[in-house]
Amino acid sequence: MKTISASKIKEKVSDLCIKANLFLPLDVLKLLKNARRRETSQSARSALDAIITNAAVARRQKLAICQDTGLPVVFLELGQDLRIRGSLKQAIYQGVESGYRRGYLRESVVTDPVSRGKPVYRGAVIHTEIVKGNRLKITLMPKGFGCENKSQLVMLSPTAGVNQIKEFIVGAVRKAGADACPPYIIGVGIGGTADYACLLAKIALLGRRTRSSRLEKELLKGINRLKIGPMGMGGKTTALTVVVESAPTHIAGLPVAVNISCHALRRASTVL
Amino acid sequence: MRKLQLSRKVCGGLNAGERLKLSGVIYTARDQAHCRLAKAIRAGRKTPIDLREKIIYYCGPAKAPKGRVIGSCGPTTSSRMDEFTPLLLKAGILGMIGKGGRSPGVVRAIKRNKGIYFLTFAGCGALLAKYVRSATPVAYKDLGPEAIYRLEVRDFPLIVGVDSKGKRII
């Protein structure tokens, strides 16, 4: 059986924190550049130019793309034939702390959500999926809270139908307005339970799929009709893309969750 | 594009949608700092900085890497400060810099106090860092990135979001 040490995982997570926060993923950059080509209004163009330049400045000068270096969300795809020596959970927490410190990132986390206190480098949300094989894939997504705050969940009636689903999703973006750094990437989770729909909406932001479904295309059109535009300056691009993940659900319900990402959708992966 | 040092008189002449570059001093303050400032004002206590004629920047900067004055330093969502802003405007601040829209109550308070609300490039903290010449924590240092920092800025890019007449573009 293949074995990897917790210390190796810590090291990799530490590197991922820096990589994710400094280097905008190429798929996101491509979406931004395509949007720039489509926009005709001067203010939308200049907003997108600033966003694209910002990514280059961050990369070149080793600065965080955004000062909100987020609450790190860690997705693990853990091979069932892999053995880990030491504590996986501790390795991730320690890796996050070390990476955020080394990368001069921001202390954006309070350990007690009620009493708050001084922000620290600790803390991460970890989602684990057991998969075939003997490898461990780690994906780290630093999620800023300007956009996380605009997340929404609704438990629709099972007879609601697709129009009500669309209305809810477009409505969530309308409510977010320009607050969450448009143009957005919209993650949607449909089905499962309340908690699982929310997780699916987050997973949708991972960029695992490249082809858009009919529903996704229609949602993108509906959202872009809101004309919020880059940085709220108006224009064609309120969202760059919409991704819907779905799962079986109960005959009595229809959970729908929306997770909005700002234009700085940051993530980095590694396979061990 | 106009290059400006701000005063209430200058701000009174600016119109929503206008772009400018700000050189001068601004102060960061976000959620917890607002909470504390509001408590102090309501209790009739002195605030740790003189708020009169100040520009408040809704920002919690990232750590400054070695050899730099500041890390990434873009704006945070302004609407979370809406509940405190009318009070701060009444206490004498000149205006705010942030991202996103404001509540009708804030727009009314801006008009009443002849204040101003600026937008800056949202989600562009690395780009904005180059317009900051110095950053010094001056109050509530126990809050880390949420402390109040005095920033000296040069040519900091702004767009008038809500002008002193209450006209808005957002």
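Good morning. I begin inside chain A, where A:Ile190 has A:Val256 as its bridge partner in strand β9 of chain A. Please keep in mind throughout that this is a predicted model.

That pairing belongs to a longer contact between two strands. Strand β7 of chain A, residues 184-192, and strand β9, residues 254-261, are joined in the antiparallel sense by 6 bridges. Strand β7 of chain A also pairs with strand β8, residues 239-249; here the two run parallel, and 9 bridges connect them. One residue to look at in that second pairing is A:Gly191, whose bridge partner in β8 of chain A is A:Ala247.

How many of the residues of strand β7 of chain A are buried? The count is 9 of the 9, so this strand is largely enclosed by the rest of the structure. As a general point, the side chains of a regular strand alternate between the two faces of the sheet.

Let me now step back along the sequence, to the loop between α6, residues 162-176, and β7 of chain A. A:Pro183 is found in this loop. The peptide bond that joins A:Pro182 and A:Pro183 is cis, with omega at about 5°. A:Cys181 has its place in the loop between α6 and β7 as well. Its phi is positive, about 65°, although A:Cys181 is not a glycine. In general, most residues other than glycine have a negative phi, and most peptide bonds are trans. Is A:Cys181 buried or exposed? A:Cys181 has a relative accessible area of 5%, and since buried means under 20%, this cysteine counts as buried.

One further position in chain A deserves a moment. A:Ser14 sits in helix α1, residues 6-22. A:Ser14 is buried, with a relative accessible area of 3%. Which residues does A:Ser14 touch, once those up to four places away in sequence are not counted? They are A:Gly95, A:Ser98, A:Gly99 and A:Arg102.

I turn to chain B, and to the loop between α2, residues 31-42, and β3, residues 55-57. B:Thr47 has its place in this loop. At 16% relative accessibility, B:Thr47 counts as buried, because the limit for that class is under 20%. A polar atom of the B:Thr47 side chain lies 2.7 Å from the backbone oxygen of B:Ile49. Not counting residues up to four places away in sequence, B:Thr47 touches B:Leu37, B:Ala40 and B:Ile41.

B:Glu53 is found in the loop between α2 and β3 too. Phi of B:Glu53 is near 65°, a positive value in a residue other than glycine. B:Glu53 is partly exposed, with a relative accessible area of 43%.

A second threonine, B:Thr85, belongs to helix α3 of chain B, residues 85-90. The relative accessibility of B:Thr85 is 1%, and B:Thr85 counts as buried. Leaving aside neighbours within four places in sequence, B:Thr85 is in contact with B:Tyr58, B:Met96, B:Arg102 and B:Val106. How far apart in space are B:Thr85 and B:Pro65, which are 20 residues apart in sequence? From C-alpha to C-alpha, the distance is 32 Å.

Finally, I come to the interface of the two chains. The contact takes 39 residues from chain B and 34 residues from chain A. The area buried between them is about 2700 Å², and carbon and sulfur atoms give 57% of that area. On the side of chain B, the residues that lose the most area to chain A are B:Lys63, B:Gly123 and B:Ala126, together 19% of what that side buries.

B:Lys63 appears again in the charged contacts. The count between chain B and chain A is 1 salt bridge. A:Glu107 forms a salt bridge with B:Lys63, and the closest N and O atoms are 3.2 Å apart. Across the interface there are also 17 residue pairs in polar contact, with both residues at pLDDT 80 or more. Helix α5 of chain B, residues 125-129, gives the most to the side of chain B that touches chain A, with 4 residues. What is the make-up of that side of chain B? Its residues divide into 19 nonpolar, 12 polar and 8 charged.

Thank you for your attention.

Conventions. Residues are numbered from 1 along each chain as its sequence is written. Chains are lettered from A and ligands numbered from 1 in the order in which they are written. This is a predicted model: local features need pLDDT of at least 70, side-chain atom pairs count only at pLDDT 80 or more; totals for chains, interfaces and linings use all residues. Side-chain values use heavy atoms; hydrogens and water are left out. Contact means heavy atoms within 4.5 Å. Buried area is the accessible area (1.4 Å probe) that two parts lose on being put together, summed over both. A salt bridge is a side-chain nitrogen of Lys or Arg within 4 Å of a carboxyl oxygen of Asp or Glu. A polar contact is a pair of N or O atoms within 3.5 Å; within protein, one must be able to donate a hydrogen and the other to accept it, and residues adjacent in sequence count only if both atoms are side-chain atoms. Ala, Val, Leu, Ile, Met, Phe, Trp, Tyr, Cys and Pro count as nonpolar, Asp, Glu, Lys and Arg as charged, and the others, Gly among them, as polar. Buried means under 20% relative accessible area, exposed over 50%, partly exposed in between (1.4 Å probe, protein chains only). Two strands pair if DSSP finds at least two bridges between them.
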